[in-house]
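Here is the note on the structure that you asked me to look through. Please keep the sequence and the 3D view open as you read, and check each point against them.

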Amino acid sequence: MAKKRRPRTQPSAAATPQLTEGEIPVVGAREPCPCGSGRRYKACHGRAAAQAATELVRRPFEGLPGECDWVALRELVPAATVPLTLHEGLPADVPALTLATVLPMAWPALRRDDGTVLLGLQNDTATGDLSRDLADVLTRALTTTPGSPVAAARTAPGGPRLQDLLDPAAPFVPEVHSGFEFWLDDAESATGEVAASLERANAAAVPTTRLTGVDAAYWCRTPDKNHLRWVMPHPEDQLLDALARLHAAGAATLGEDTRLVGSFRAHGLTVPVWDLPSAFGAEECEKPAAAFAERLAEALAATTPLTADERKARSGLTNRQITLN
């Protein structure tokens, strides 16, 4: 026999609890909203949370020191770490805070037995603001029990961003690793799932080196050819114009048998990519990259309209763009 549905009644104004200035806690989408309105959370205060979750922040690392390196570590570099400094300093029971490209089992963060915190950068995020999601994980990691990973969780709207937590005066200099042994104090003693995850990660890691003469340029080796992927801070249209000028003039290469093949878009920045011969290592990139940076600076400063050849080169570069995020 069918169950009779009880009609939904709208609470009277007198019966509806009044909101206070405190934050409305996040609950399940189909649960009653904690504000007391009588509506489900998703139809009440959950609307703001849903909107925050879908609004994409195009440049989540803008304003942070090393924005280009943040993008590279998020999208391009397999294994790297960077010490982080909080604006207000670390809690007394947290000896150190380190950003890592990825952590075992893709944990968002890990608090080691000694209290140090590793924050993972290459993880799925809950909202369209990567900076806010990472700040939420970081905040929870600082109070997590030592020896425990930090679980993924929904990011509450209106929370702090990395720009609010990190010291803007602290340097951001990544250290690129050949593998993921930095996960553990003693990687040789790893067992079980952690050891298996470490082995899989090391096997899949593409050998990568950060150039020292220019900012945020990363050489990597693949079976067929090597590549240089260089994250640049310039506005996309201005950079594509400059690259087109150089390409049309035959000045966009890094030397013999090298070729500018296109670019990535990642977190609001453009990442030109060069194909390199297999014998062209990271050291061989240093001088050509520094010389290219000088040519690029001149091309960026040009104000004359693009010629027909330059417009054709620009069109080719635009057609070979790939968006990573």
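1. Strand β10 and strand β12 run in the parallel sense and pair over three bridges. Within this pairing, R265 stands opposite T323 of β12. Please bear in mind from the start that the model is a predicted one.

2. The strand β10 also pairs with β11 (residues 269-276), but here the sense is antiparallel and there are seven bridges. One pair to look for in the view is F264, which stands opposite V271 in β11. The hairpin of β10 and β11 has two residues between the strands, and in it H267 takes a positive phi near 55°. As a reminder of what pairing involves, the strands of a sheet pair through backbone hydrogen bonds, in either a parallel or an antiparallel way.

3. Is β10 mostly covered or mostly open? The strand is mostly covered, since six of its eight residues are counted as buried.

4. Helix α8 covers residues 308-319, and its length can be checked with simple arithmetic: at 1.5 Å a residue, its 12 residues should span 16 Å, and the C-alpha atoms at its ends are 17 Å apart, which agrees. The residues of α8 that are buried are E310, A313, R314, G316 and L317. When one looks down the axis of α8, these buried residues fall within an arc of 160°, so they line one face of the helix.

5. What do the buried residues of α8 pack against? They pack against α6 (236-248), β10 (259-266) and β12 (321-323), and β10 and β12 are the strands that pair in the parallel sense. On the other side of α8, by contrast, A308, K312 and N319 are exposed.

6. Elsewhere in the chain there is an open sheet of six strands, in the order β5-β3-β4-β2-β1-β6 and with mixed pairing. The strands at its edges are β5 and β6 (175-176), each of which pairs on one side only. Inside this order, β1 (residues 80-83) and β2 (residues 97-100) pair in the antiparallel sense over three bridges, and the bridge partner of T81 in β2 is A100.

7. The residue T155 lies in the loop between β5 (148-150) and α4 (162-165). Why does T155 count as buried? Its relative accessible area is 8%, and T155 is therefore classed as buried because the class takes in values under 20%. Leaving out residues up to four places away in sequence, T155 touches A126, T127, R132, D133 and D136. With D133, the side chain of T155 also makes a polar contact, side chain to side chain, of 2.7 Å.

8. Helix α4 holds Q163, a residue that is partly exposed, with a relative accessible area of 23%. When neighbours within four places in sequence are set aside, Q163 is in contact with P60, F61, E62, L64 and S131. For two of these residues there is more detail to check: the side chain of Q163 reaches the backbone oxygen of E62 at 2.9 Å, and a polar contact of 2.6 Å joins the side chains of Q163 and S131.

9. The residue Q163 also shows how the fold can bring together parts of the chain that are distant in sequence, for Q163 and P65 are 98 residues apart in sequence and 9.5 Å apart in space, C-alpha to C-alpha. A second pair to look at is T139 and L162, which are 23 residues apart along the chain and whose C-alpha atoms are separated by 9.9 Å. Of these, T139 is placed in helix α3 (residues 130-141) and, at 38% relative accessibility, counts as partly exposed.

10. Finally, some totals for the protein chain may help to place these details. The secondary structure comes to eight helices and 12 strands, and buried residues make up 43% of the 325 residues. Among contacts between residues at least 6 apart in sequence, 61% join residues at least 24 apart. The accessible surface comes to about 17700 Å², of which 52% belongs to carbon and sulfur atoms.

Definitions and conventions:
Residues numbered from 1 in each chain as written. Predicted model: local features only at pLDDT ≥ 70, side-chain atom pairs only at ≥ 80, totals over all residues. Heavy atoms only, no water. Helix = DSSP H or I, 4+ residues; strand = E, 2+ residues; numbered from the N terminus. Buried < 20%, exposed > 50% of the residue type's maximum accessible area, 1.4 Å probe, protein only. Polar contact = N/O pair within 3.5 Å; in protein donor to acceptor, adjacent residues only side chain to side chain. Contact = heavy atoms within 4.5 Å. Expected span 1.5 Å × (residues − 1). Arc of directions from axis to C-beta. Areas by Shrake-Rupley, 256 points an atom, 1.4 Å probe, with all protein chains shown as cover. Pairing = 2+ DSSP bridges.
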